[in-house]
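Visitor: Hello! Could you walk me through this molecule step by step?
Guide: Gladly; let us look at it together.

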Amino acid sequence: MARTMRRAVVRGAFRAGLFHFLWATRKRLGAPGRFLILAYHRIGWPGHSGAPGCVSPALFAAHLRLLRRYFAVVSLDRLCEALAAGTLPHADAVAVTLDDGYADAFSAAYPILRAHRIPATIFLPTRFIDDAAPLWWDRVAFLVAAGSTVTRSADPNNRFRRAWLLELPDSAYPAAVRAGLRRAFAGSASALAGVIAALKSMPHATATGLVDDLTERLRCLGIAVDQRAEALTWDQARIMADSGLIDFGAHTVTHAILTRMPPEQAEAEVRESRRVIEARLGRTVRHFAYPNGRHADYSPAIQTLVRAAGYASAATSVPGANRGPHDLFALRRLTVGDEPAAVLALRLTVLSSRWVP
Ligand SMILES: [Zn+2]
C-alpha cells in the first residue's frame, strides 16, 4: 500500500514538472564525464515464472521515451571506444543492455527499441540459445510451480506426493535450500527467491546437480514439470544484428557464476561463449557480462582472463555511475525493473550527481 502511494506521489510530481526542475538542477550539479549503463532482463507481461522484475512493453516504451528526451543514448560499444580513447561523447551518456537472451528480447523489446531508434547490447549465455532448455533458475521456478500445484490439490491420490514435497524427507539438500523448498512448495511466493539465492551461493556444479536431482525426484513422483525455454533463436538474433541497432555480447555458456567454479572451467565459459556467438552470427563479439554480476561474482583473476580472451569490456550488476577512467572490466550497471519512468528518472538524476560516489 505504502509502495503504491509512494509511486502515485512520484508520478504526480513527475506530471507537475518536478522532474524538469530536478533535471535543470542535474544539468548544473551533475558530474561531467559520468555515464550510466542500464540492465534490463525480461520485457513482457508479469506472470512469467521467476520473473518478478518483468517490465511491460508499455513501461519499457515509457523508459525509452525518457532516455530519448533527456539523455544522449549511445551503444555500449561506442561508449567503450570513447572511454578507451578518453573522448567520452557526452556528460549524460546512457547505454542500454539486456541480459540472458529470452525470446521477448525479440518479440517485445526489439520493436520498441527500433521505434525509438535506441541501440542496445544483448548478453547471451550461449547454451540457452543452442539447446533451448530453460536456464537453471527458471527450472527451479518450474519445479516449484509444479510441486505447489500438487500440494494445493485436494485430490486424495496426491496425499503421498504432497507429504513428500512438504517434508522432503529423504533428500540430502542443504538446510537453507530444503527449508526454502518446503515453504515454496507450501505456496510461499517469496520462498522461491530465497531458494535461488541459496543455490547461487554454492559451487555451480553442486547447485545444478541439486536442480537435476529435484527434477528427477519429481519425475519419479509422476509430477509433470514445465520445460519451456523461452529463449531467442539464432535466426532472431541475426535479424536484430543485421538491423545495426542491436549488438551481442557474451554472458558465458551456461550462465555459471564464474567465481563458483575452477579457474580453467571459468576460462572455458568466457572463451567458448565468445567463439559460439561469433560463429553463429558472423560478427565480432567485444563485450562480456559477468553472470549475476555482484562483487562476489567476479574477481581480479576473472577480470584478467576476460581481458586475455580478447574482450573490450565486461559489465557487472554493481549499481552506480561509471566515470571516464573507470575500469572497462568492471563497468557498473543499473538493473531496471518495473519502476515507473518517473522513479527511473529520479534514480538516474541522483546517480549522475557529483555527490554520489
Ligand atoms: Zn544473466
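Guide: Before we start, one term: two residues are in contact if their C-beta atoms, placed from the backbone, lie within 7 Å. Please also keep in mind that this is a predicted model.

Visitor: Thanks! Which helices do the buried residues of α7 pack against?
Guide: Let us begin with the residues themselves. The buried ones in α7 include Trp-136, Trp-137, Leu-143, Val-144, Gly-147 and Val-150. Using the contact rule we have just met, these buried residues pack against α8 (159–167), α9, α10 and α11 (204–220).

Visitor: What span is expected for α7 at 1.5 Å a residue?
Guide: Helix α7 covers residues 136–152, which is 17 residues. The expected span is 1.5 Å times one less than the number of residues. From first C-alpha to last, α7 reaches 24 Å, close to the expected value of 24 Å.

Visitor: How are α7 and α8 oriented to each other?
Guide: Their axes are 9 Å apart and the packing angle is about 125 degrees. Roughly perpendicular ends at 115 and roughly antiparallel needs over 145, and the rest count as oblique. The angle therefore makes α7 and α8 oblique.

Visitor: Which residues of α8 make the contact with α7?
Guide: The crossing of these two helices is left-handed. On the α7 side, the contact uses Gly-147, Val-150 and Thr-151. By class, the residues of this contact divide into three nonpolar, two polar and two charged. The partners on α8 are Arg-161, Arg-162, Leu-165 and Leu-166.

Visitor: Are α9 and α10 roughly parallel or roughly antiparallel?
Guide: Helix α9 spans residues 175–185 and helix α10 spans residues 191–200. Their axes come within 8 Å and cross at roughly 160 degrees. Angles over 145 count as roughly antiparallel. So the verdict for α9 and α10 is roughly antiparallel.

Visitor: How many residues in the contact of α9 with α10 are nonpolar?
Guide: On one side, α9 brings Ala-176, Val-177, Gly-180, Leu-181, Arg-183 and Ala-184. On the other, α10 brings Ala-191, Leu-192, Gly-194, Val-195, Ala-198 and Leu-199. Among these residues two are polar and one is charged, and the nonpolar ones number nine.

Visitor: Is Ala-175 buried or exposed?
Guide: Ala-175 is found in helix α9. In space it lies 9.7 Å from Ala-198, C-alpha to C-alpha, and 23 residues separate the two in sequence. A residue with 12 or fewer other C-beta atoms within 10 Å counts as exposed. Ala-175 has 8, so this residue is exposed.

Visitor: Are α3 and α5 roughly parallel or roughly antiparallel?
Guide: Helix α3 takes in residues 57–70, and helix α5 takes in residues 104–115. The axes come within 10 Å and cross at roughly 30 degrees, in a right-handed crossing. Angles under 35 degrees count as roughly parallel. That is why α3 and α5 are roughly parallel.

Visitor: What class are the residues in the contact of α3 with α5?
Guide: From α3 come Pro-57, Phe-60, Ala-61 and Leu-64. They meet Ala-108, Ala-109 and Ile-112 of α5. No polar and no charged residues appear in this contact, and seven are nonpolar.

Visitor: Is Phe-123 buried or exposed?
Guide: Phe-123 sits in strand β4, residues 120–124. Beyond four places away in sequence, it touches Thr-97, Asp-99, Gly-249, Ala-250, His-251 and Ala-289. The cut-off for burial is 20 or more other C-beta atoms within 10 Å. Phe-123 has 28, so it is buried.

Visitor: Where is Glu-230, and is this residue buried or exposed?
Guide: The loop between α11 and α12 (234–242) holds Glu-230. Its phi is near 55 degrees, a positive value in a residue other than glycine. With 20 other C-beta atoms within 10 Å, Glu-230 is buried.

Visitor: What does Asn-292 count as, with 17 C-beta neighbours inside 10 Å?
Guide: Asn-292 is in the loop between β6 (287–289) and α14 (300–308). Phi of Asn-292 is near 70 degrees, again positive in a residue other than glycine. Buried takes 20 or more neighbours and exposed 12 or fewer. With 17, Asn-292 therefore counts as partly exposed.

Conventions. Residues numbered from 1 in each chain as written. Predicted model: local features only at pLDDT ≥ 70, side-chain atom pairs only at ≥ 80, totals over all residues. Axes fitted to C-alpha atoms, helices over the stretch in contact; angles between N-to-C directions. Helix = DSSP H or I, 4+ residues; strand = E, 2+ residues; numbered from the N terminus. Parallel < 35°, antiparallel > 145°, perpendicular 65-115°, else oblique. Nonpolar A, V, L, I, M, F, W, Y, C, P; charged D, E, K, R; others polar. Left-handed = near helix turned anticlockwise from the far one by under 90°.
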